[in-house]
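Q: I'm new to this structure and would love a close look at one part of it. Could you take me through the sheet, strand by strand, and then show me how the rest of the protein fits around it?

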Amino acid sequence: MTRPSSGSTAPAAPDTANGPATALIQLDGKTVAAAIRPGETLLEIARLAGMAPPFSCEAGNCGTCMAKVTEGSATMRVNDALDDDEVADGYTLTCQAIPDGPLTVNYDE
Ligand code: FES
């Protein structure tokens, strides 16, 4: 008796449609690709990826965690440290920034 197989002949589905978006995080001259999970900040994503990004207050007050989003965008929950010009230039507080989708963030700029 044969049973239909659900896996042997089906091509692997590309995971770009439903898979997690990726954050490319640049720090100390290295770039790490990390999966974005809903509700996680860029700081959390970087730390879970094994990186050691700078941070202090984790409340959006000090600016220690500042990095520049060079591709894509992220939305800060709180911003009590960056001025409008810095935000317009792409800088974000990674402890407060939730990615809007795939993005690249650079701590070295
Ligand atoms: S760690 Fe202080 S603003 Fe992010």
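**A walk across the five-stranded sheet**

A: Let's begin with one residue, in what is a predicted model. Leu27 counts as partly exposed because it has 18 C-beta neighbours inside 10 Å, where 20 or more would make a residue buried and 12 or fewer would make it exposed. Leu27 belongs to strand β1, which covers residues 22-27. Setting aside the neighbours within four places in sequence, the contacts of Leu27 are Ala46, Met51, Pro53, Tyr107 and Asp108. One of these, Ala46, falls within α1, the helix of residues 42-48. Leu27 also shows how the chain brings far-off parts together: Asn106 is 79 residues away in sequence, yet the two C-alpha atoms are 6.3 Å apart in space.

Now let's step back to the whole chain for a moment. The protein has two helices and seven strands. Followed along the sequence, these elements come in the pattern β-β-α-β-β-α-β-β-β.

The part you asked about is an open sheet of five strands, in the order β2-β1-β7-β3-β5 and with mixed pairing. Its edges are β2 and β5, each of which pairs on one side only. Ignoring direction, neighbouring strands in this sheet are turned by 30 degrees against each other on average. We can cross the sheet from one edge to the other.

At the β2 edge, β1 pairs with β2 (residues 30-35) in the antiparallel sense, over six bridges. Two pairs of residues help you find this match on screen: Thr22 stands opposite Ala35 of β2, and Ile25 stands opposite Val32 of β2. The two strands form a hairpin, with two residues between them. Asp28 is in that turn, and its phi is positive, about 55 degrees, although Asp28 is not a glycine. Is Asp28 buried or exposed? Asp28 counts as exposed, because it has 9 C-beta neighbours inside 10 Å.

While we are on this topic, there is another residue to look up. Glu58, in the loop between α1 and β3, likewise is not a glycine but has a positive phi of about 55 degrees. Glu58 counts as partly exposed because 16 C-beta neighbours lie inside 10 Å of it.

Back in the sheet, the next step goes from β1 to β7 (103-106). Here the pairing is parallel, over four bridges. Ala23 stands opposite Leu103 in β7, so to speak a handy marker for this step.From β7 we move on to β3 (66-71). These two strands run antiparallel and are joined by three bridges. Within this match, Lys68 has Asn106 of β7 as its bridge partner, while Glu71 is partnered with Thr104 of β7. Asn106 is also the residue that lies 6.3 Å from Leu27, C-alpha to C-alpha.

The last step takes us to the β5 edge. β3 pairs with β5 (residues 91-93) in the antiparallel sense, over three bridges. Lys68 appears again here, standing opposite Tyr91 in β5. Lys68 is thus a good residue to click on: it has Asn106 of β7 as a partner and Tyr91 of β5 as another.

Next, let's see what the sheet shares with the rest of the protein. In soluble globular proteins, nonpolar side chains tend to be buried together. The largest nonpolar core in this model has 18 residues, and the members that touch the most others are Ala23, Leu42, Ile45, Ala46 and Val105. Three strands of the sheet, β1, β3 and β7, each supply at least two residues of this core, and α1 does as well. The largest share, four residues, comes from α1.

Leu42 is a good place to see this meeting of parts. Apart from its neighbours within four places in sequence, Leu42 is in contact with Ala23, Ala74, Thr94, Ala97, Pro99 and Val105. Two of those names, Ala23 and Val105, are also among the core members with the most contacts to other members.

Finally, two figures describe the protein as a whole. Of its 109 residues, 23% count as buried. Among contacts with a separation of 6 or more, 51% are between residues 24 or more positions apart.

Key: Residues numbered from 1 in each chain as written. Predicted model: local features only at pLDDT ≥ 70, side-chain atom pairs only at ≥ 80, totals over all residues. Core = buried A, V, L, I, M, F, W, Y, C linked by C-beta atoms within 7 Å. Contact = placed C-beta atoms within 7 Å. Pairing = 2+ DSSP bridges. Axes fitted to C-alpha atoms, helices over the stretch in contact; angles between N-to-C directions.
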